[in-house]
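Here is a short report for a reader meeting this structure for the first time. It moves from domains to sheets, then to whole chains and confidence.

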Amino acid sequence: MSALGEMRRLGSSAQKGKKDNKAAFFFLLPWFAGLLFITVGPVAASLVLGFTEYNLIQPPEFNGVDNFTRMLDDTRLHHALGVTFKYVAVSVPLQLACALGLALLLDKGLRGLAFYRSAFYLPSLLGSSVAIAVLWRQIFGAEGLINQVLAFAGIQGRGWISDPDTALSTLIVLNVWTFGAPMIIFLAGLRQIPEMYYEAAATDGAGRWTQFWRITLPLLSPIIFFNLVLQIIHAFQSFTQAFVVSGGTGGPSDSTLFYTLYLYQRGFNNFDMGYASALAWLLLVIIAAFTAINFWAAKHWVFYDD
Amino acid sequence: MRFVKSRRVAWTTLLAVTLGAALAACGGGGSDAGQELSKEPVTLRFTWWGSDARHKRTQQVIELFQKKYPNITVKGEFKEWNGYWDSLATTVAANDAPDIIQMDELYIASYAERGALLDLGTAKKHLETNDFDPAALQTGQIDGKQYAIPVGLSSYSMVVNEDLLKEYGVAMPDDNTWTWQDLKAAGAQVSKASGGKVTGVQSWGFNDAGGLNIWARQAGASLYDDKGNVSIPPSVLANYWTYLADLAKEGIAPPPSVTIERASAGLDQSGTATNTSAFATWWNTQLTSLTAASGKKLKLLKLPGEAQAKSPGAYYKPSMYWSVSSRSKHPAEAALFVNYLANSEEAANVLLTDRGVPANKKIRTAIAGQLKETDKAAAGYLDAIKVGPAPRVTPKGASGIEAILKRHTEQVLFGRLTPDAAAASFIKELQSEIDAAK
Amino acid sequence: MTKLLRHVGLLLLALLMLYPVLWMVVSSLRPNNEIFRRPGLVLDNLQTQNYGEGWNALASPFGHYMVNSSIVVLGCIVGNLVSCSMAAYAFARLDFTGKRLWFAIMLGTIMLPIHVIIVPQYILFSQLDWINTFLPLIVPKVLATDAFFIFLMVQFIRGLPRELDEAARIDGCGHARIFLRIVLPLMMPALATTAIFTFIWTWNDFFSQLIYLTDPEMYTVPVALRSFVDSTVETSWGSMFAMSVVSLAPIILAFLLGQRYLIKGIATTGIK
């Protein structure tokens, strides 16, 4: 423990107060250029469009805050918000827990490591392919794998994807199933923890649990934080899987109507891009609020070596 | 700090450019559709949706056309259905729409009434429509202007699996006289005889508004009135859903979750294609695909209830249309290409019935000899049925009707809404979409 | 014993994870009309014609779309690696005016859903005459618009011990050298992760490729794959699955190659 504490102190002895504006500008040059030429224009345009009625074909017409007042009475929007919150609240912790658990398991010198890693990552490779919808029905459909297994046990299954009571859960499972991306990031993070910390701790007589709590978790915390922030953002924006599985409708009976799916329907199916833009900015505010809370909370649990 | 300042300048310039371009997108079109054809090289962009089989045939027709008019190059852009409409909306918004656009009944009004489509009446010089049935042509008109030329015709039908009926000893109903009750009875016999392995009827009301249109018309009503407002009486709508709900409740149709799963899975996984439902509603032109998928003997029956109906429920629905962008730089050449697609036997010999039984009567006769047995049956069906005038095209703003209908049908089948409540909610939502687009 | 148990558990889990993928492979070897009529993985009638038919089903042979995808993917990987690592170094190690604000803006750029950005962006790119080229897909990556990777690398760099660059700085190294000589080699796992993810996500990205590539000559794999499917007629599922399997091969390969570099972090290079 003493060795670790010393290292921490060493790490925090960085020089403060000197600005590196010139160097920073150089390193950020591509990013500034991208912000300026690619991002700002369309983002600003979408903000402006949020205050207009815009059917994509005719020029936008300014309509003040109509789009925003309309949100108050939009029951499908409220429903979509509920579905999305539920999805975020359940699927993010589940997916991260799976990813972290397997990353830890796979980090140790296990034979066939490369095989397992690939096997667990493979589903994430399929990502948004059209095949996903078909494959998912093979598992959760009325005649799918799950029901065949249940039938062995004498249990009458149901069409899990097409039953409004279970459809959202199957999408959550689908999301958890693709835990490959955060798992890889965790693995990469684990690889970056200097071995010497463990050696030092072992010399101090720390057991495995102590090592995990005192070294692995704190040193991995920036990566856990990253995955948490990004997976929450990602889950709020979740679109493709629901789109592919429900054929773009968010069905059955709106049970998988994610926020972005609703936004997409308004914008492209109903030629209601002004309202869709306003919806996008509401989503931005929601996500930003969650991210801000995350960053605030990070002060209490994320450990940086700088 | 220097870059901060220049950034602000560029920021405003960029915003102005972007929005300016969006505004400019509404500018008028290129040249006049009635002018002489250009002798200079012309490039046209032609976009359609479909599957790989259609892409191949269409590409062949493009090559034939280019051989005939060497100075015109046609660039085909194929997409799948959902991506097609996203892409089309985006390109139209950016004033970058393809010249020739395959159009669907759902979206005609949305694009035409907002000025995105060319009035093909101005291109008469290059585009012949004499061989088309006036009633069919009318389905491509809005306020008297011909915005689109129908490609193929189809009509709603009841597809029956003859092999399944035989297997379970159920008599073939007489489709000249049968009622919706007869369908129920025959379906119940199949479900009972198969022990639930095969259901009598495959439920409908998820993928298109065809069934609903028919139901409304048989009751002497219509989904929309002439002005494009929702006009179906709530009681008619409630009866429609009561009927569907009863089918599921009595085991004549599969349980709702199975029905919905199959409906979203597409044609290949439907009850008809997998031989798990004896009766199902389909567009008559889908018979060929269905037969290929099921491998059994399928037959087209006239719709139930036609004999007792207040007015014929059946009508000819254009499977799709050809239209030309109002902002095309070469409207005359684009019209010429549409003319080739619509009137040339050479093109028809390649396309055959891929886009439906041709709406052009002369072409329909010309290719009759080359059709597969099932395509012949589909073409014959169109002649056999008694049709009324086609319903009004889907009004601007109502292009989302299929999703609204699907959701309400699901809610009724799962018992979350009573048919009456669903009817009220459906009418309210659809009408508010139409009002919002006015 | 526990080791064996762990292997059995992992194997079972792997099988469960892989079932859908295996089903897809099996289906690509079945005749079209059998695919949905028989569940399970038993293959009694192996036939490979779906591969031949699928390969030639669209306007160009399927290899053409794979080449297009490869060009896009390559451009995006190089772009992301260079531009995101530079930006990340600045955010993680340099102190500059308005850093927190810029960082917030950077994160903010990934919070808007693409569907409302795409139309103005299309207008922007069509003004530049970039439609139907790979530029709208690659240039944004070269200009570090993928904030995901910037943030990822920031987190990794912040995890590197500071004393390394402190020492280098005392030795008189400038930021460019610290970045190139010390930080970059140490963040190999992050760079490998970025490369792998960029590969996979770009290879699978459908929406922007659909919108920006209109000419079939320019189509990429995801756009081509969807051209097989039409829910109103019979779809050549066999061909679609066959080509899905074919298009999976490069990403699996990329993953297998890339994951080797995941091991080469500090852990094995060992610093003193």
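In this predicted model, the centres of domain 1 and domain 2 of chain B, taken over C-alpha atoms, are separated by 30 Å. Domain 1 covers 30-151 + 318-382 of chain B, and domain 2 covers 156-314 + 400-437. Where they touch, domain 1 of chain B supplies eleven residues and domain 2 of chain B supplies seven. Helix α15 (residues 373-384) of chain B gives the largest share of the domain 1 side, six residues. By type, that side of domain 1 of chain B holds five nonpolar, four polar and two charged residues.

**Two sheets in chain B**

One open sheet has six strands, in the order β2-β1-β3-β11-β6-β12 (chain B). Its pairing is mixed. Why does one side of β2 and of β12 of chain B lack a neighbour in the sheet? Both strands, β2 (72-79) and β12 (357-358) of chain B, stand at the edges with a single partner strand each, so one side of each stays free of a neighbour in the sheet.

Further in, strand β1 (residues 42-49) of chain B runs parallel to strand β3 (residues 100-103) of chain B, and two bridges join them. B:Phe46 has B:Ile100 as its bridge partner in β3(B). Helix α2 (residues 52-68) of chain B lies across β1 and β2 of chain B. This helix runs at about 170° to β2(B).

Another open sheet has four strands, ordered β8-β9-β7-β10 (chain B), again with mixed pairing. Its edge strands, β8 (199-202) and β10 (298-301) of chain B, each pair on one side only. From one strand to the next, the twist averages 25°. Three bridges link β8(B) to strand β9 (residues 277-283) of chain B in the parallel sense. For B:Thr199, the bridge partner in β9(B) is B:Ser277. Helix α7 (residues 180-194) of chain B packs on this sheet and touches β8 and β9 of chain B. The direction of helix α7 of chain B makes about 135° with that of β8(B).

The two helices that lie on these sheets are set side by side here.

| Helix (chain B) | Strands touched or crossed | Angle |
|---|---|---|
| α2 (residues 52-68) | β1 and β2 | about 170° to β2(B) |
| α7 (residues 180-194) | β8 and β9 | about 135° to β8(B) |

**Chains A and C**

Chain A has 14 helices and two strands. Its C-alpha atoms fill a box of roughly 70 × 65 × 30 Å along the principal axes. Of the 306 residues in chain A, 52% are buried. Among contacts in chain A with a separation of 6 or more, 68% join residues 24 or more positions apart.

Chain A also meets chain C: 80 residues of chain A are in contact with 77 residues of chain C. On the chain C side, helix α1 (residues 2-28) brings the largest share, nine residues. That side of chain C divides into 55 nonpolar, 16 polar and six charged residues.

**Confidence**

The predictor gives the complex an ipTM of 0.87 and a pTM of 0.90. Chain C averages a pLDDT of 86, and 94% of its residues score at least 70. Which elements of chain C have the lowest and the highest mean pLDDT? Helix α14 (residues 266-269) of chain C is lowest, at 40, and helix α6 (residues 135-142) of chain C is highest, at 96. Over residues 265-272 of chain C the pLDDT is below 50. That stretch of chain C still has 15 contacts in the model beyond near neighbours in sequence. Where pLDDT is low, predicted coordinates should not be read in detail.

How values were computed
Residues numbered from 1 in each chain as written. Chains lettered and ligands numbered in written order. Predicted model: local features only at pLDDT ≥ 70, side-chain atom pairs only at ≥ 80, totals over all residues. Pairing = 2+ DSSP bridges. Contact = placed C-beta atoms within 7 Å. Axes fitted to C-alpha atoms, helices over the stretch in contact; angles between N-to-C directions. Domains from an automatic or database assignment. Nonpolar A, V, L, I, M, F, W, Y, C, P; charged D, E, K, R; others polar. Buried ≥ 20, exposed ≤ 12 C-beta atoms within 10 Å, placed from the backbone. pLDDT = per-residue confidence, 0-100.
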